[in-house]
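I opened my notebook to get to know this structure from scratch. Here is what I looked up, entry by entry.

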Protein chains: 2
Amino acid sequence: MPEIKQVKRPGRIKALCLAMSVSLAAGGNAVAAGVSWEDIVNDAATTEDVLAYGIGPKAQRWSPMDAINKDNVKRLLPAWSFSFGDEKQRGQESQALVHDGTIYVTGSYSRLFAIDARTGERKWAYTYRLPDDIRPCCDVVNRGAAIFGDLIYFGTLDAAIVALNKDTGKVVWKKKFENHKAGYTMTGAPTLVKDQKTGKVLLIHGSSGDEFGVIGRLYARDPMTGEEVWMRPFVEGHMGRLNGEESTPTGDPDAPSWPDDPGTETGKVEAWSHGGGAPWQSASFDVETNTIIIGAGNPAPWNTWKRTSPGGNPQDYDNLYTSGQVGVDPTTGEVKWFYQHTPNDAWDFSGNNELVLFEYDENGETIKATAHADRNGFFYVVNREDGGFIRGFPFVDNITWATHIDPETGRPVEVEGQRPPLPAEGEKRGASIEVSPPFLGGKNWNPMAYSQDTGLFYLGANHWKEDYWTEEVTYTEGNAYLGQGFRIKKMYQDHVGVLRAVDPVKGEIVWSHKERLPLWAGVLATAGGLVFTGTGDGYLKAFDAESGEELWKFQTGSGIISCPITWEMDGEQYIGVASGYGGAVPLWGGDMADLTKPVSQGGSFWVFKIPKN
Amino acid sequence: MPEIKQVKRPGRIKALCLAMSVSLAAGGNAVAAGVSWEDIVNDAATTEDVLAYGIGPKAQRWSPMDAINKDNVKRLLPAWSFSFGDEKQRGQESQALVHDGTIYVTGSYSRLFAIDARTGERKWAYTYRLPDDIRPCCDVVNRGAAIFGDLIYFGTLDAAIVALNKDTGKVVWKKKFENHKAGYTMTGAPTLVKDQKTGKVLLIHGSSGDEFGVIGRLYARDPMTGEEVWMRPFVEGHMGRLNGEESTPTGDPDAPSWPDDPGTETGKVEAWSHGGGAPWQSASFDVETNTIIIGAGNPAPWNTWKRTSPGGNPQDYDNLYTSGQVGVDPTTGEVKWFYQHTPNDAWDFSGNNELVLFEYDENGETIKATAHADRNGFFYVVNREDGGFIRGFPFVDNITWATHIDPETGRPVEVEGQRPPLPAEGEKRGASIEVSPPFLGGKNWNPMAYSQDTGLFYLGANHWKEDYWTEEVTYTEGNAYLGQGFRIKKMYQDHVGVLRAVDPVKGEIVWSHKERLPLWAGVLATAGGLVFTGTGDGYLKAFDAESGEELWKFQTGSGIISCPITWEMDGEQYIGVASGYGGAVPLWGGDMADLTKPVSQGGSFWVFKIPKN
């Protein structure tokens, strides 16, 4: 790991000094003159800025603003638009940040733009120089930046993370953390947490690459220098790192949740060495319990039998810590708790979808929970103090792989015959079965919002299914490591996307709004009684948070698959969203790729407000 | 010429039948069921559609609509936007057409989009498959389409013209008219004219390529089949074609306006064989005199001495029919009249800028004139019945190459020392001189508008200058044929672009509005007392036609270098414009390229209206 063992070179010292020159050293680590931890932790409550992916450490995507509301949203119109340019388009999945009159938005192909929030004028643009041999599974996307002090951070498609001066766009430090030729990438937004024990602010980010058979890893860094503090792999038995030294293995060093294979060097099956679990989305942070909470990716390869002993039962090999949610200690990077949504995931359901932290009262008691709408079609409420299962219920129609989540054990009750079977003797491909949700999920990465007013979650789900079959697979570095084939198909003729309001306590769908194309955009809920999201066919839309009625839409010219934000400026409320179609659907979506073919690619940021008079 | 001599192949017959199936044969040629000649000739007066580049054969870019006006334009806001997609951006110079609820707009890289005018939804998109070795001098732009019957036409960067069914986007016919490897391209919008003698409607288009030393040609085609009717070269002594046969040479067959050279096969200097004059913009059409009126390009190479006898005087070799305006007979393709703005053009001023047809009263007489703002910095009023010079006056500051246009002869009175001198003995490069306007012109291609209310022309001019020097040059096919080097520089610190209102009768500048970046967008004037144009830094702007006051602007995210249009739909007035920066300035603009570097590329179409309530 070059960033640990290297001797301090002049270049690095210079970067350090640059960072220090704009910051003040205090306590355990540098405290920034610009954006402080207090700013970040209060993000959801402060209306003038948007400082974190998810809008604050709880990732609720909730705004207390109500200047734009049910009554006047029909008058919402663009204030300006900004083109990302460069003859680069494809998927724009970014959530923008807003600070001190500047919008920071990442673009496809590892770009970051600083835009004047009032005029739409470019302040600076940074284009990371990507090598030719990057291996992003699901388009050249980036989901956003993080900001702290005078630095702005984002990940790159070749598995590096970059810190830029927020005012100049100049690189302050850059860390290449993994080998992109093996399939490592970074697409998620990094996040800041403050270790409540040490007082240190840490920059947290994960890796991507589960489709290439790499071990998923979560990293904590010194935000001022980029130096790694710890690294945590999400495959049981793999070794973590702390302050540049081996720390502890993840879980049991013998990794009983993965089959043994005495014929290999490791003594474990091939898959264990390439086991996935990548935390490729963004961490939430529970200040009260001092816990980083993040989803872990699917086990690699997709083929369940490669992760089960020969002739064995997949349910005997859970393949920890994949396809579940993890609570991590910020001080050491140790796993504090783990709850698995899909044990021995045979469907690429992953567990990556966002973890939203919320509280609710039950029998006079305040329950501190996470909410999570999994690709597997179930909505989970989990106790975030210990990872204890509270409830799970379907949020999409026609789930075929499991009948329900056992309320006692918290484990799915699987339907027999829904794990794609091994090929018959002499065949290279197994019999095809029909499964729903398909691997693209009842909901994918596109984060949901929680309304503090209605107590409901709002999420962009999809109704679709797939033909699924196993294929022979052996690991070779840098090649797809799936062992499974698929074709995504329609479930209904009239819609694929379905925006839903979900009651996390009652375990009910409150309302549904259908969309012809798959939904792939994040959601924003506001105290104006509104829910905002984007559609594949280019609209930013606003809905009544209580009834689900569509109140407003605007056509931005390319599909929207990003996360809308809102902020206040000069006494007016603004809505911002990136437009630009791409992501996994047009690449992997089978019939859905055909459906979305007429959608133009794009690359722009849009700002809306209610015109005066 | 393949399109003349070829035997009818099945493919071609099929195309013919396709065209016929949607049309009715009548008189000399097919008359369309869709857009008729009457529709086109009345384009400026009918508000529901925009059917021709320039908005009607007079190319006045004038609309009688006043629903959007001085009083309410401040409330103008986007109705929708459409992204051209395809990870292709660069310059979007197109003027859109509107017909029957559909917008037809061409994009960079030879693309054409049909968009639902109400929703912004893509109806169809056509991407012409370009070869790798195209040679557009000044970006991969296209300036617009033409429509007639059920066909929509546009030119491609490899010197072809394509006719598509307007409802399906399917190719009906396609004609490759010149060799793109030699430098021929097509960037201008084709136009329809109706020969008043024969009653035939003709599709008129020119070629581009003066910077590569190709002979500029104007073509007339049967709009239903694409078959060539005639071709007219714009270098004196070159042979025209009519109905597939040689017709007449252009001008004097001995071409006395070009020097002889007994040492060559042609008996003329090398330049004569490669002489430029390309009519790369769009023709206007004078119905009353049955005359096609179009600008002819610069002579090739740029180096004046290559087009002057050794030791001779450039003013003795006018290099007809370059850098002037030409009246052409639609029946035969013969030159009816010619007026030259820049005899023996040493500055690449070209004569291509649009010819706007207008009338005015003088001493009780109605004068039928053309108006033309030349790259050379002078505004010309010419009698369009015979090409007779009426007046010429500067429309930009600090013209250095000529003091004025001689009112008697109509010829510029040149300033000595303003033709870049030959290299000194033994040198390969001549001494550098400073010239204004530079070759990018006091105004470039971006067409002006004429207000029938104010009687003024509104044009996007630029204040800049250049260092200019000669260089050795010998023709080699497909390579730049300039013989001149340059660096464009600022004239003023506070602005480059200057939007000006010009009185064509008084010969005066009525008002000026400065812009920091070069102006490269067309202008639209309306009966609402408004003038619309776009700016390099991304704004669509509206000005008071009388005072020049800026009344409104909207930031579209990329620079605007296209032509705004307006139309009426469902009782409301709409404004449409393409956004996407590029064109000649960032490629050739020297200091201007630096100035425009922060402008993002883009590719989108924007529609604006005044929101209800």
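Before anything else I noted what buried area means: the accessible area, taken with a 1.4 Å probe, that two parts lose on being put together, summed over both. I also wrote down that this is a predicted model.

**Entry: where the chains meet**

I began with the interface. Chain B and chain A bury about 2400 Å² between them, and 45% of that area is on carbon and sulfur atoms. I then looked up who touches whom: 33 residues of chain B are in contact with 33 residues of chain A.

Next came the polar side of this interface. I found 26 residue pairs in polar contact across it, both partners at pLDDT 80 or more. On the chain B side, β4 (77-83) and β39 (550-555) each supply at least two residues to the surface that touches chain A. The element that gives the most there is β4(B), with seven residues.

Two salt bridges cross between chain B and chain A. I looked up one of them: A:Arg90 pairs with B:Glu87, and their closest N and O atoms are 3.8 Å apart. My reminder to myself was that side chains of opposite charge can pair when their charged atoms come close.

**Entry: how the copies are related**

Which rotation brings chain B onto chain A? I found one of 180°, with 0.0 Å of shift along its axis and an RMSD of 0.0 Å. The two copies are therefore related as by a two-fold rotation axis.

I wanted to know which residue of chain B comes closest to that axis. B:Glu87 does, with its C-alpha at 2.7 Å. I had already met B:Glu87 as the partner of A:Arg90 in a salt bridge. I also noted that the same surface serves both copies, since 100% of the contact residues of chain B recur in chain A.

**Entry: B:Thr187 and B:Arg143**

Here I followed a single residue. B:Thr187 is in the loop between β12 (171-176) and β13 (191-194) of chain B. Is B:Thr187 buried or exposed? Its relative accessibility is 8%, and buried means under 20%, so B:Thr187 counts as buried.

The side chain of B:Thr187 has polar contacts that I could list. One goes to the side chain of B:Arg143, at 2.7 Å. Another, of 3.4 Å, reaches the side chain of B:Ser208. Beyond its neighbours within four places in sequence, B:Thr187 also touches other residues, including B:Val141, B:Leu157 and B:Trp280.

I then turned to B:Arg143, which is found in the loop between β8 (122-127) and β9 (146-148) of chain B. It counts as buried too, at 6% relative accessibility. Its side chain makes a polar contact of 2.9 Å with the side chain of B:Glu93. Among the contacts of B:Arg143 outside its sequence neighbourhood are B:Tyr53, B:Gln95, B:Thr106, B:Trp280 and B:Trp445. B:Trp280 is thus listed for B:Thr187 and for B:Arg143.

**Entry: salt bridges**

How many salt bridges are there over all chains? The count comes to 72, and I looked up a few.

A:Lys181 pairs with A:Asp133, with 3.8 Å between the closest N and O atoms. A:Lys181 lies in the loop between β12 (171-176) and β13 (191-194) of chain A and A:Asp133 in the loop between β8 (122-127) and β9 (146-148), so the pair ties together parts that are 48 residues apart in sequence. Both ends are partly exposed: A:Lys181 has a relative accessible area of 44% and A:Asp133 one of 26%.

B:Asp260 and B:Lys268 meet at 2.8 Å, N to O. B:Asp260 counts as exposed at 53%, whereas B:Lys268 is buried at 5%.

B:Glu359 and B:Arg384 form another salt bridge, at 2.7 Å. B:Glu359 sits in strand β23 (residues 356-362) and B:Arg384 in the loop between β25 (378-383) and β26 (389-394), 25 residues apart. B:Glu359 is partly exposed at 27%, while B:Arg384 is buried at 0%. In chain A, I found that shared partners join A:Lys58, A:Asp286, A:Glu359 and A:Arg384 into one network of salt bridges.

**Entry: the nonpolar core**

My last look was at the largest nonpolar core, which has 220 residues. A:Phe605, B:Ile103 and B:Phe605 touch the most other members. The contacts of A:Phe605 include A:Trp80, A:Phe82, A:Ile103, A:Ile565 and A:Val577.

Definitions and conventions:
Residues numbered from 1 in each chain as written. Chains lettered and ligands numbered in written order. Predicted model: local features only at pLDDT ≥ 70, side-chain atom pairs only at ≥ 80, totals over all residues. Heavy atoms only, no water. Helix = DSSP H or I, 4+ residues; strand = E, 2+ residues; numbered from the N terminus. Buried < 20%, exposed > 50% of the residue type's maximum accessible area, 1.4 Å probe, protein only. Polar contact = N/O pair within 3.5 Å; in protein donor to acceptor, adjacent residues only side chain to side chain. Contact = heavy atoms within 4.5 Å. Salt bridge = Lys/Arg side-chain N within 4 Å of Asp/Glu carboxyl O. Least-squares fit on C-alpha atoms with pLDDT ≥ 70 in both. Core = buried A, V, L, I, M, F, W, Y, C linked by side-chain atoms within 4.5 Å.
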